[in-house]
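Q: Before we look at any single residue, could you show me how to read a model like this one, going from the overall fold down to individual side chains?

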Amino acid sequence: GVDDSVQAVVSIAGLHDLAASYFNEGGGDVYTKFLGRLPVDGDDALYALASPVHYVDAQSAAKPFLMINSELDITVTPVNGCRLKLALESAGSNNAHMLLYPEGSHLSYVEYRDFRNVFSGATLHKTINNVFLFLDYQFMSGPEPSASYSDPLVSSASCETLVQNDI
């Protein structure tokens, strides 16, 4: 039979910890539309249920992850990618990669203009190339991609600093 379980994860500007993001970044309307209410101190169980970071375990940590964020993203800050990277590493992952682009705002690295010209831009090309490098390595025995990515991988220490500064 074919293994239909998740084999790898690519997250582009992903929101991985909703309660922490709300308390540290704001944006109440989005959260209310998504979950029907705002988190309340001490009662954010609904937000935990909707947050991928709370589902990390040894089984998910065994899968390869690539998180792509932008330093300039104020909608979903890079701390979200860092929280997931650190959670995966705490659960035993040695295959949680994070790229942090110096340019772009929220999702500008997957720019779209309209439905006739869905994707455009040099940063989009860079993003697609990085995703293909990651997937080629994971599934097609391609070369280890860390030296070929357009931007350096974010270290665990850098992520820890970002998370500490966000609290």
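The dialogue below takes up the fold, the strands and some individual residues in turn.

Q: How many helices and strands are there in the protein chain, and what pattern do they follow along the sequence?
A: Keeping in mind that this is a predicted model, one finds seven helices and three strands in the protein chain, and these are arranged along the sequence as β-α-α-α-α-β-α-β-α-α.

Q: What percentage of the residues count as buried, and what do the contacts and the surface add?
A: The protein chain has 167 residues, of which 40% count as buried. If one takes the contacts between residues at least 6 apart in sequence, 68% of them join residues at least 24 apart. The accessible surface amounts to about 9,300 Å², with 57% of this area belonging to carbon and sulfur atoms.

Q: Which residues of strand 2 lie on one side, and which on the other?
A: The general idea is that side chains in a regular strand alternate between the two faces of the sheet. In strand 2, Phe65, Met67 and Asn69 lie on one side, while Leu66, Ile68 and Ser70 lie on the other, and both faces are covered. Strand 2, which spans residues 65-70, has six of its six residues buried.

Q: Which residues does Leu66 pair with in the neighbouring strands, and in what sense do the strands run?
A: Strand 1 (residues 9-12) runs parallel to strand 2 and is joined to it by four bridges, with Leu66 as the bridge partner of Val10. Strand 2 also pairs in the parallel sense with strand 3 (residues 96-101), here over six bridges, and in strand 3 it is His97 that stands opposite Leu66. Between strand 2 and strand 3 the chain passes through helix 5 (residues 79-90), forming a β-α-β crossover that is right-handed.

Q: How many aromatic pairs are there, and which charged end sits over a ring?
A: A pair of aromatic rings is described by the distance of the centres and the angle of the planes. Here, with ring centres required to lie within 6.5 Å, the count of aromatic pairs is zero. There is, however, a charge over a ring: the charged end of Lys126 sits over the ring of Tyr101, at 4.0 Å from its centre.

Q: Where does Thr75 lie, and why does it count as partly exposed?
A: Thr75 belongs to the loop between strand 2 and helix 5, and it counts as partly exposed because its relative accessibility is 48%, where the partly exposed range runs between 20% and 50%. Although Thr75 and Ala13 are 62 residues apart in sequence, their C-alpha atoms are 8.8 Å apart in space.

Terms used: Residues numbered from 1 in each chain as written. Predicted model: local features only at pLDDT ≥ 70, side-chain atom pairs only at ≥ 80, totals over all residues. Heavy atoms only, no water. Helix = DSSP H or I, 4+ residues; strand = E, 2+ residues; numbered from the N terminus. Buried < 20%, exposed > 50% of the residue type's maximum accessible area, 1.4 Å probe, protein only. Contact = heavy atoms within 4.5 Å. Areas by Shrake-Rupley, 256 points an atom, 1.4 Å probe, with all protein chains shown as cover. Pairing = 2+ DSSP bridges. Right-handed = clockwise from strand over helix to strand, strands pointing away. Phe/Tyr/Trp six-rings, centres within 6.5 Å; stacked < 30°, edge-to-face > 60°. Lys NZ or Arg CZ within 6 Å of the ring centre and 35° of its normal.
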